[in-house]
Amino acid sequence: MDLGIKGRRAIICASSKGLGRACAMQLASEGVHVTMTARGAEALKQAADEIRKANPGVTVTEVVGDITTPEGRADVLKACPDPDILINNAGGPPPGDFRNWTRDDWIKALDANMLTPIELIKATVDGMMARKFGRIVNITSAAVKAPIEILGLSNGARAGLTGFVAGIARKTVINNVTINGLLPGPFNTDRLRGTAKGEADKRGLPVDQILAERAKLNPAGRFGDADEFGQACAFLCGAKAGFITGQNLLMDGGAFPGTL
Ligand code: NAP
């Protein structure tokens, strides 16, 4: 299926690995020129080279930096000042007990998972509206729909972003600019393997056993594959997806038990 976005320009934040990388790969395979960011230069170059090799017709630009800082955002906007597509993403906050979280911990989580996407939307949405095409996808979490107690920093920050977007997504669509959330459940990425390792160390078990136990708990009997996530993201960015806005698409293999 041709998504009709060949030649468009996209910023994909936090995209050297995992879900962000998969979104960059899928968009590039649709002929979109991609600007990718991450803090670590080596992994970013590796991911960018792989995407270039698989998609020789597109321009792949690497921007090394921390997207949660004003400098990191300025650098990516300098490299791609007028994107047609913006994929907001950053690392997730650490788990813990809310009694131990300081104001600084909260500000850090809000900066990464709420205020950074809002700043990037603010910097790009008016240009998209003027050009009558824009697709913004915020990578959030299944925890927006079903909060996970130990991920309170994530629950709070991402819920704030989701509430903000619900308001403006109904204002931008008049100019063919959509804003949606894509909510990952368990996907097999470094992030998921990192949390499994924490549990494995605590329980004195091999990490593979923890991963197998967790995968079995999902109705699909497995974790999501990052490519599946990238494909859903690319679909939401497609020319024909202009009537979908303000939505939060859960990708969790059916783990959330509700009807809606
Ligand atoms: P991942 O595999 O650990 O990849 C994270 C990517 O983001 C890396 O490329 C990392 O590169 C980059 N990154 C992290 N912080 C950054 C920053 N401040 N500035 C720029 N780049 C940054 O993680 P993932 O699984 O793809 O997760 C992506 C998001 O989805 C996270 O917010 C995560 O909490 C959320 N999520 C994931 C799952 C899951 O099962 N995988 C489930 C629910 C929610 P550098 O470290 O080099 O910067």
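Colleague: What is the bridge partner of Ile136 in β6?

Modeller: In this predicted model, Ile136 has Ile179 of β6 as its bridge partner.

Colleague: What makes strand β5 and β6 a pair?

Modeller: Pairing requires at least two bridges. Strand β5 (residues 134-139) and β6 are joined in the parallel sense over six bridges, so they count as a pair. Between them the chain passes through helix α5 (residues 152-172), and this β-α-β crossover is right-handed.

Colleague: How do you know that β6 and strand β7 pair?

Modeller: Four bridges link β6 to strand β7 (residues 248-251), again in the parallel sense, and the cut-off is at least two. One position in this pairing is Leu182, whose bridge partner in β7 is Leu249.

Colleague: Why is strand β6 called largely enclosed?

Modeller: Buried means under 20% relative accessible area. Eight of the eight residues of strand β6 (residues 177-184) are buried, so the strand is largely enclosed by the rest of the structure. Val177, Ile179, Gly181 and Leu183 are buried on one side, and Thr178, Asn180, Leu182 and Pro184 on the other.

Colleague: What makes the approach of Thr189 to the ligand a polar contact?

Modeller: The cut-off is a pair of N or O atoms within 3.5 Å. A polar side-chain atom of Thr189 lies 2.5 Å from an oxygen atom of the ligand, so the pair qualifies. Arg39 has a polar side-chain atom 2.8 Å from a ligand oxygen atom, and for Gly40 a backbone N or O atom lies 2.9 Å from one. The protein covers 88% of the 880 Å² of accessible area that the ligand has on its own.

Key:
Residues numbered from 1 in each chain as written. Predicted model: local features only at pLDDT ≥ 70, side-chain atom pairs only at ≥ 80, totals over all residues. Heavy atoms only, no water. Buried < 20%, exposed > 50% of the residue type's maximum accessible area, 1.4 Å probe, protein only. Helix = DSSP H or I, 4+ residues; strand = E, 2+ residues; numbered from the N terminus. Right-handed = clockwise from strand over helix to strand, strands pointing away. Polar contact = N/O pair within 3.5 Å; in protein donor to acceptor, adjacent residues only side chain to side chain. Areas by Shrake-Rupley, 256 points an atom, 1.4 Å probe, with all protein chains shown as cover.
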